[in-house]
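Here is a friendly walk through one protein model for someone meeting it for the first time. Have a look at the picture, then read on.

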Amino acid sequence: MILPKAQHTFHIPVMGLAYTIDSPIRVAQYGISSVISIIDDDLLEKMNAYYCEKLNLPYKEITTKAFNYRAERITSYLNLVHKIVQEKFEKFKTELTESKTALDNFIAMLPNNSSIKEGLLNLMNNGIALKENIKNYLETYLRTGDIDVNIMTKIDKDNFNKGEQLPIEFNDAHASLHGFANSNLNSSVVLSAGMNPRLYSYLEKFNDFFPDINCHLKKKIILKVSDFRSAMIQGKFLAKKGLWVSEYRIESGLNCGGHAFATEGYLLGPILEEFKLKKTELLDTNHNLMVKTLNQKGMFAPERPLELKITVQGGVGTAAEHNFLTDYYKVDSVGWGSPFLLVPEATTVDKQTRDLLANAKETDLYLSGISPLGVPFNTLKGTTNELHKQRRIQNNKAGSACPKKFLALSKVFGPEGVCTASKKYQDVKLKELELNELAMPNEAYENEKNKITEKSCLCCGLANASYLEKNIAVKGQEQGVVICPGPNIAYFDEEVSLLKMVKHIYGNDSVLSVTNRPNMFVKELKMYIDYLKNEMANFSEAFTSNQIKRWYMFKNNLLEGISYYQNLFLKPISLENRNIQQMLCFYKKEVSAISIPEIELK
């Protein structure tokens, strides 16, 4: 069965635990693809109950007493989302045949070069826009946006029952994958935050991830990657198990929302160039490995490579940037994340937090150390979570009650794990620090204390916005809301409609009021320069030859990236390109001036 092509050249990436928790219900009928985080089964169960009540659907609670309750909750919610999306899609198609206003708005929402848009306009312009003709056309060419899911591979905590460790399939990420695999969805799982060999191997347990005799994959794999090398390594690992990666989703290491997995100075432009040049190599290598394994397993093996998409996300903010990514780098889709936090029709954000986002300036956004994972985390100043956290610190009650324990990954106190944002962990570490207080300079002591207490409860903080928006009671310790936009949100300063944002993406409107927004590539470059300088300035350990070599490599990669951009933006000659060239010259001097400590390299 040949499915209609995607209607849009953008997608809405996963954001936090809650911000895209029901985005498919909101936007999939328009052909817009989005991604749901499926780590927090408790949140999904509450969303299940909420929508069943709202739509008068039968609801059967899945309690923690169920055998594999996490997987069952996830399957149940995803099946509900699928059902709601299909019903809304059918109603939307009917509305398009009966309302010219609805049809006009839908056409306005489509890309300028869309064949569907062209076909609908031809029907109307040729005077054959009869209800039956429109209906037949929509039935033939329209499709819903994808209901994709995201699993952060690092969140794969071992789970226990009465002190006894459960089998690996009960681990958090494993149970999430199990829940998706058992759902009715015909979509993709986005695996992010790096390679988890045990989780990747678990994919083999589910037939939906293997091609059928029609070369169709009911469930697809998307890998979020930082560079080509990572894509090749992970793709080959899966291909050797007979599994196909249908999409490599490239994300800027720093110019993104949430956790920032910085590269060693490799910039987004050169990374995309490598994917563009080596896509065929990636395709053929993995196809050959997959076919060999499928033949060994006695399973159906496609003669030709399956579809492979290259997509990108992180920091895009204008139609010109969007078009450059699709036209020059030939990416199949561009992820627009943070700007959609200001679109109530698309994302779940409470009003107080959305107002905070709309008023955010460049200086309000920063890379923080609040994540218990120990990975830099893009953060916004002034959140309610920060307010509650600082109040507890001032009252000598630092730390979270840790009710969900998804990030209880530290084994420092035993095999069941503890979260570094928890009160249990911070109490012990603060007492240990106090024993050394007199032997430490005051500034050093305060710095170490801050490193302990700055951790936030992301499990609650990244979920609470959905409860607040839907007026669902939040029980337990007050955690407030953690919001994790990319730096790009500083240039979007008002709440906008879905139609207006989509028209902005395609260059048919603008939601930007600022005139000094830097080009996305230049912005990322500046962030990497600041990242390197900050890392060097705050490095408190003894220098090693490996560390020095790493900084030299980082600096060299930045300089090579700048040279690449200088060549890339030579033509066409335009005011924007001249401004980019001026900024590149400025930053080249700044990078060249970075002084790396000298030690004897062996």
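## Charged pairs across the chain

E264 and R550 form a salt bridge, with their closest N and O atoms 2.7 Å apart. Because E264 sits in the loop between β8 and α10 (268-296) while R550 belongs to helix α20 (residues 545-568), this pair ties together parts that are 286 residues apart in sequence. E264 itself counts as partly exposed, at 24% relative accessibility. Keep in mind as you go that this is a predicted model.

Why would such residues pair up at all? Side chains of opposite charge can do so when their charged atoms come close.

How many salt bridges does a search of the whole structure find? The count is 36. Here are three of them, with the distance between the closest N and O atoms.

| Salt bridge | Closest N and O atoms |
|---|---|
| E264 and R550 | 2.7 Å |
| E321 and R517 | 2.8 Å |
| K241 and E204 | 3.6 Å |

Let's take E321 and R517 next, a salt bridge with its closest N and O atoms 2.8 Å apart. E321 is in helix α11 (residues 319-327) and R517 is in the loop between α18 (498-505) and α19 (520-537), so this pair ties together parts that are 196 residues apart in sequence. Are these two residues buried or exposed? E321 is buried, and R517 is buried too.

Some charged residues go beyond simple pairs. Salt bridges with shared partners join D41, E45, R70, R73, K157 and D172 into one network.

Then there is K241, which forms a salt bridge with E204, the closest N and O atoms being 3.6 Å apart. This pair links distant parts of the chain, 37 residues apart: K241 is in the loop between α9 (228-239) and β8 (245-251), and E204 is in the loop between α8 (197-202) and β7. The two partners have their own surroundings: K241 is buried, with a relative accessible area of 18%, whereas E204 counts as partly exposed at 28% relative accessibility. The cut-off explains the label on K241: buried means under 20% relative accessible area, so 18% qualifies.

## The barrel

Now for the strands. Eight of them close into a barrel, and going round you meet them in the order β1-β2-β3-β6-β7-β8-β9-β10, with parallel pairing. From one strand to the next, the twist averages 30°.

You can follow part of that ring strand by strand. Strand β2 (residues 33-37) pairs with strand β3 (residues 147-152) in the parallel sense, over four bridges. Here V35 has D148 of β3 as its bridge partner. From β3 you move on to β6, and these two run parallel, joined by four bridges. I151 finds its bridge partner in L191 of β6. Next along, β6 is joined to strand β7 (residues 220-225) by four bridges, again running parallel. L191 turns up here as well, standing opposite L223 in β7.

Strand β6 deserves a pause. Why can we say that β6 is largely enclosed by the rest of the structure? Because five of the five residues of β6 are buried. Both of its faces are covered: S188, V190 and S192 are buried on one side, and V189 and L191 are buried on the other.

Take S188 as an example, found in strand β6 (residues 188-192). S188 counts as buried, at 8% relative accessibility. Which residues does S188 touch, not counting those up to four places away in sequence? They are D148, V149, F180, K220 and I222.

## A helix across the strands

Helix α3 (residues 69-98) lies across β2 and β3, running at about 155° to β3. One residue to look for in helix α3 is N79. Leaving aside neighbours within four places in sequence, N79 is in contact with S183 and N184. N79 and N48 are 31 residues apart in sequence, and their C-alpha atoms are 9.7 Å apart in space.

## A nonpolar patch outside

To finish, turn to the surface. V412, F413 and V428 form a nonpolar patch there, and together they have about 220 Å² of accessible area. V428 has its place in helix α14 (residues 423-435). With a relative accessible area of 32%, V428 is partly exposed.

How values were computed
Residues are numbered from 1 along each chain as its sequence is written. This is a predicted model: local features need pLDDT of at least 70, side-chain atom pairs count only at pLDDT 80 or more; totals for chains, interfaces and linings use all residues. Side-chain values use heavy atoms; hydrogens and water are left out. Patches are made of residues with over 30% relative accessible area and no salt bridge: like charges are joined within 9 Å, nonpolar side chains (Val, Leu, Ile, Met, Phe, Trp, Tyr) within 5 Å. Accessible areas come from the Shrake-Rupley method with a 1.4 Å probe; for residues, only the protein chains shown count as cover. A salt bridge is a side-chain nitrogen of Lys or Arg within 4 Å of a carboxyl oxygen of Asp or Glu. Buried means under 20% relative accessible area, exposed over 50%, partly exposed in between (1.4 Å probe, protein chains only). Two strands pair if DSSP finds at least two bridges between them. Axes are lines fitted to C-alpha atoms, for helices over the stretch in contact, and angles run from 0 to 180 degrees between N-to-C directions. Contact means heavy atoms within 4.5 Å.
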